[in-house]
Amino acid sequence: DLMQRSFNGFQQRRPDTESCLVHIEQLLRLKNEIKSHDSVVCVDSLCLQTDPVKNVLVALAVSWKNRYAELMHNTAKLKMEATVENCEEIRRRLCIKVESLSDLWDVIQEAEDVLNEDSAQDQLYQPIEDLYQLLRKCNVFLSRDEMEQVNSLGRECQSLVALASQVQHKLLVEQRRPFERDLDKQVKKFVVTVIQLRNKFDAEGPVVPGVVPEEAVKRLIAFQAEYNGHVETRRVLDAVQGLFAIPVTLYPELDQMGEELELLGLLYGLYQKVIDFDQTFKRSLWANIRIQESYQELNGYWTQCLEMPERLQSWDAYAGMKSQIQQYLAVFPLLVRLASKEIRNRHWISVLEVTG
């Protein structure tokens, strides 16, 4: 059946409501056009009653209109349910028990998002109400519970706005003093924690003299994780200080550590590539080595090494990496010549005699 195949293909494309509406309107126009034809058609001496055929065709058009309308209904219902779930989730986040500064910041952010989007609330539920108006015009059956949910969307959105305003006033005005005392305590504690982390980094970090590259990489990863945790704590403290119009506390030790970790990431990122190159090159058989490609790769590492920030170039790890690359660069021209097609077995015998 042509109509069935067309409908199946349309359904598989997961159409939006606008696409469904186009088909519905086409079928409605077709139904009206069929009904507009005369009930009796005279051909010469014959008079034909067209009502039976018209009734069948109208019923067919209405049937397919209903199927497209049901598709539109399913899409509208999914949108409505998603909006309801979103409103419930926002309400849940606004009503959580605030037990920490992190909770305070999260709830205030949620409240501000709702209040800032107050003017856009109509755009959230009005399109859904419009869709259901169209569905009613298409004579789609809609349950009472479903219509009650649709009709309550506007009230629910306005209720969220009111709740957000109440929560914001309660936390920032009525409960301000307890949070300010906790904030002061947390900031002082964090200042000490940052200094301790910096001292630990200087004593046990990847830049301590004598640490081999493999161990330095492990230390870098561990300290990066610790640093990230401190950055998150700082983000919350800074944000809450901003909420209460308190000057943001500076943490120069943490800033310095962040800069050094970023530089170390550059250094050991390249160093790890050089180490991998060294290990792969030493494990490979001579016949399997693509000498020209390896030489280009090595020159690329050398270029990156020379372009490293000047501050890095005074670190032991940089000196070790640079020395390792230079050792390869010193012998690679010879390796390139040995890999040429002109090299014969007698040449290899001479190399073996010299190298023992």
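In which loop is Asp16 found? Asp16 is found in the loop between helix H1 (2-12) and helix H2 (17-36). The structure that contains this residue is a predicted model.

## Asp16 in the H1-H2 loop

With a relative accessibility of 36%, Asp16 counts as partly exposed, because that class lies between the limits of 20% for buried and 50% for exposed residues. Asp16 is separated from Tyr328 by 312 residues along the chain, and the C-alpha atoms of the two are 62 Å apart. Tyr328 belongs to helix H12, where it is one of the residues that meet H11.

## The E1-E2 hairpin

Strand E1 (residues 40-43) and strand E2 (residues 46-49) run antiparallel and are joined by four bridges. Within this pairing, Val41 stands opposite Leu48, and Val43 stands opposite Leu46.

The two strands form a hairpin, with two residues between them. The turn includes Asp44, for which phi is positive at about 55°.

## Helix H3 and its contact with H4

Helix H3 (residues 51-94) packs against helix H4 (residues 101-116) at an angle of about 135°, and their axes are 9 Å apart. H3 is therefore oblique to H4, since an angle must be over 145 degrees to count as roughly antiparallel. The crossing of H3 past H4 is left-handed. From H3, the residues that make the contact are Ile90, Arg93 and Leu94, while H4 supplies Val107, Glu110, Ala111 and Val114. Sorted by class, this contact has five nonpolar residues and two charged residues, with no polar residues.

His73 also lies in helix H3. Its relative accessible area is 6%, so His73 is buried. Apart from neighbours within four places in sequence, the residues in contact with His73 are Tyr132, Leu135, Val140, Phe141, Leu142 and Glu146.

## Leu171 in helix H7

Leu171 has its place in helix H7 (residues 153-174). The relative accessible area of Leu171 is 4%, and this residue is therefore buried. Its contacts, leaving aside neighbours within four places in sequence, are with Val98, Leu104, Val107, Ile108, Arg176 and Phe179. Among these, Val107 is also one of the H4 residues in the contact with H3.

The pair formed by Leu171 and Val98 spans 73 residues along the chain. The C-alpha atoms of these two residues are separated by 8.9 Å.

## Ala245 in the H9-H10 loop

Ala245 is placed in the loop between helix H9 (213-243) and helix H10 (252-283). Although Ala245 is not a glycine, its phi is positive, at about 60°. The residue has a relative accessible area of 69% and is therefore exposed, because the limit for that class is over 50%.

## Helices H11 and H12

Helix H11 (residues 291-306) and H12 pack at an angle of about 150°, with a separation of 10 Å between their axes. H11 is therefore roughly antiparallel to H12, as the angle limit for that description is over 145 degrees. H11 passes H12 in a left-handed crossing. On the H11 side, the residues in contact include Ile291, Tyr295, Leu298, Tyr301, Trp302 and Leu306. Those they meet in H12 include Tyr318, Met321, Ile325, Tyr328, Leu329 and Phe332. By class, the contact of H11 with H12 has 16 nonpolar, four polar and one charged residues. Among the residues in this contact are Gln292, Ser294 and Asn299 in H11, along with Lys322 and Gln326 in H12.

Is Gln324 in this part of the chain buried or exposed? Gln324 is found in helix H12 (residues 316-338). Its relative accessible area is 18%, and Gln324 is therefore buried, because the limit for that class is under 20%. Not counting residues up to four places away in sequence, Gln324 touches Tyr271, Val274 and Asp278.

Conventions
Residues numbered from 1 in each chain as written. Predicted model: local features only at pLDDT ≥ 70, side-chain atom pairs only at ≥ 80, totals over all residues. Heavy atoms only, no water. Buried < 20%, exposed > 50% of the residue type's maximum accessible area, 1.4 Å probe, protein only. Contact = heavy atoms within 4.5 Å. Pairing = 2+ DSSP bridges. Axes fitted to C-alpha atoms, helices over the stretch in contact; angles between N-to-C directions. Parallel < 35°, antiparallel > 145°, perpendicular 65-115°, else oblique. Left-handed = near helix turned anticlockwise from the far one by under 90°. Nonpolar A, V, L, I, M, F, W, Y, C, P; charged D, E, K, R; others polar.
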